Amino acid sequence: MSSFRKALKSRQRNHHERSQPGFRKTMGLLEKKKDYKLRAEDYHKKQNTLAALRKKALEKNPDEFYFNMISSKLEDGVHVMKKTEEEVTEEQKKMMRTQDMRYVEMKRVAEAKKIERLKGELHLLDAENKHKNKHTFFVDSKKEVETFNLASHLGTDPKLVDRVYNRPTLQTLETKSIKGAVKPDIINKLAKQRKHQYKILSQRIDREKKMFVISQKIQSRKDLQDKNKKVKVKKETTDRAAIYKFESKRKR
């Protein structure tokens, strides 16, 4: 049986694909039917896609609106979703998971007391972000306006005119001895210390605000556990807890 198979195998002819004619050698390999089918399917697929898009454009309603139109933008010809504002920072998430509301509120109250104490010490007289006050002087004629001298009008030294506090008159300087720092290096040192105190005050105010936001968010999450119907009025942000409107329910 094996010899018979060998005899049949020896008689079989090898299949040879038809090659490109000699005068068409420059055009590459001769396209076969399977190659043509793939090319035809790809062509018809593209034509059908274009026809569907053309039909969709013709039937489009000009007043049609989707929220995706305002929540996405084009970047290099590709639609990309806009980055939404982060509702809760990583620091807030960590504290809300690990700390209780009572602890957060206790720390916030402690910060508020420290802020009040610092404000009482500094008086906010020469704070950098403080709104500048105005002092209007009235005179009788235009000539007095031209010859008006602020230092002589206030009766103080010209070097002390820009001060908003501790501005003694010339009479006080002549009759009484100066108390406190007089040397420039000591005055500069005190000014640096005062600036540092204002920086600490600003940091404590920011920390107290963050604590307040965290306590509000923890409280809102506790309120959401209530089974009463509620509607979100304002969404949560990094600076504010979400605001909900609860359905009024009469207590029995």
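E75 stands opposite V78 in strand β2. Strand β2 (residues 78–81) runs antiparallel to strand β1 (residues 72–75), and four bridges join the two. Two strands count as paired if DSSP finds at least two bridges between them. The hairpin of β1 and β2 has two residues between its strands, and D76 takes a positive phi near 55° there.

Before going further, please note that this is a predicted model, in which local features need pLDDT of at least 70 and side-chain atom pairs count only at pLDDT 80 or more, while totals for chains, interfaces and linings use all residues. Residues are numbered from 1 along each chain as its sequence is written, and side-chain values use heavy atoms, with hydrogens and water left out.

**The chain as a whole**

The secondary structure comes to eight helices and four strands. Helices (H or I, at least four residues) and strands (E, at least two) are DSSP runs, numbered from the N terminus. Following the sequence, you will meet them in the pattern α-α-β-β-α-α-α-α-α-α-β-β.

How confident is the predictor along the chain? The average pLDDT (the predictor's confidence in each residue, from 0 to 100) is 78, and 79% of the residues score at least 70. Confidence is lowest in helix α1 (residues 2–11), with a mean of 65, and highest in α2, with 94.

Of the 252 residues of the chain, 13% count as buried. Buried means under 20% relative accessible area, exposed means over 50%, and partly exposed lies in between (1.4 Å probe, protein chains only). A contact means heavy atoms within 4.5 Å. Among contacts between residues at least 6 apart in sequence, 48% join residues at least 24 apart.

**Helix α2**

Helix α2 (residues 33–58) has 26 residues and, at 1.5 Å a residue, should span 38 Å. That expected span is 1.5 Å times one less than the number of residues. The end C-alpha atoms of α2 are 37 Å apart, which agrees. Where does α2 lie, buried or in the open? The number of its 26 residues that are buried is one, so α2 lies largely in the open.

**Salt bridges between α4 and α8**

The structure holds seven salt bridges. A salt bridge is a side-chain nitrogen of Lys or Arg within 4 Å of a carboxyl oxygen of Asp or Glu. Among them are these three:

| Pair | Closest N to O |
|---|---|
| R108 and E208 | 2.8 Å |
| R204 and E111 | 3.2 Å |
| E111 and R207 | 3.2 Å |

What does the bridge between R108 and E208 tie together? R108 lies in helix α4 (residues 101–122) and E208 in helix α8 (residues 184–223), so the pair ties together parts that are 100 residues apart in sequence. Both R108 and E208 are buried. These two residues also belong to a network of salt bridges that links E105, R108 and E208.

E111 is found in helix α4 too. The salt bridge of E111 with R204 links distant parts of the chain, with R204 in helix α8 and the partners 93 residues apart. The salt bridge of E111 with R207 is another link between distant parts, as R207 is in helix α8, 96 residues from E111. E111 is buried, with a relative accessible area of 9%, whereas R207 counts as partly exposed at 35%. Leaving aside residues up to four places away in sequence, E111 touches R204, R207 and E208.

Helix α8 also holds K210. At 46% relative accessibility, K210 counts as partly exposed. K210 and R240 are 30 residues apart in sequence and 9.5 Å apart in space, C-alpha to C-alpha.

**An aromatic pair**

The structure holds one aromatic pair. F137 and F148 form this pair, which is tilted, with 5.6 Å from centre to centre and 40° between the planes. F137 sits in the loop between α4 and α5 (142–146), and F148 in the loop between α5 and α6 (150–154), so that the two are eleven residues apart. Rings of Phe, Tyr and Trp (its six-membered ring) pair if their centres lie within 6.5 Å; planes under 30 degrees apart count as stacked, over 60 as edge-to-face and the rest as tilted. Both rings belong to partly exposed residues: F137 has a relative accessible area of 28%, and F148 is at 32%.
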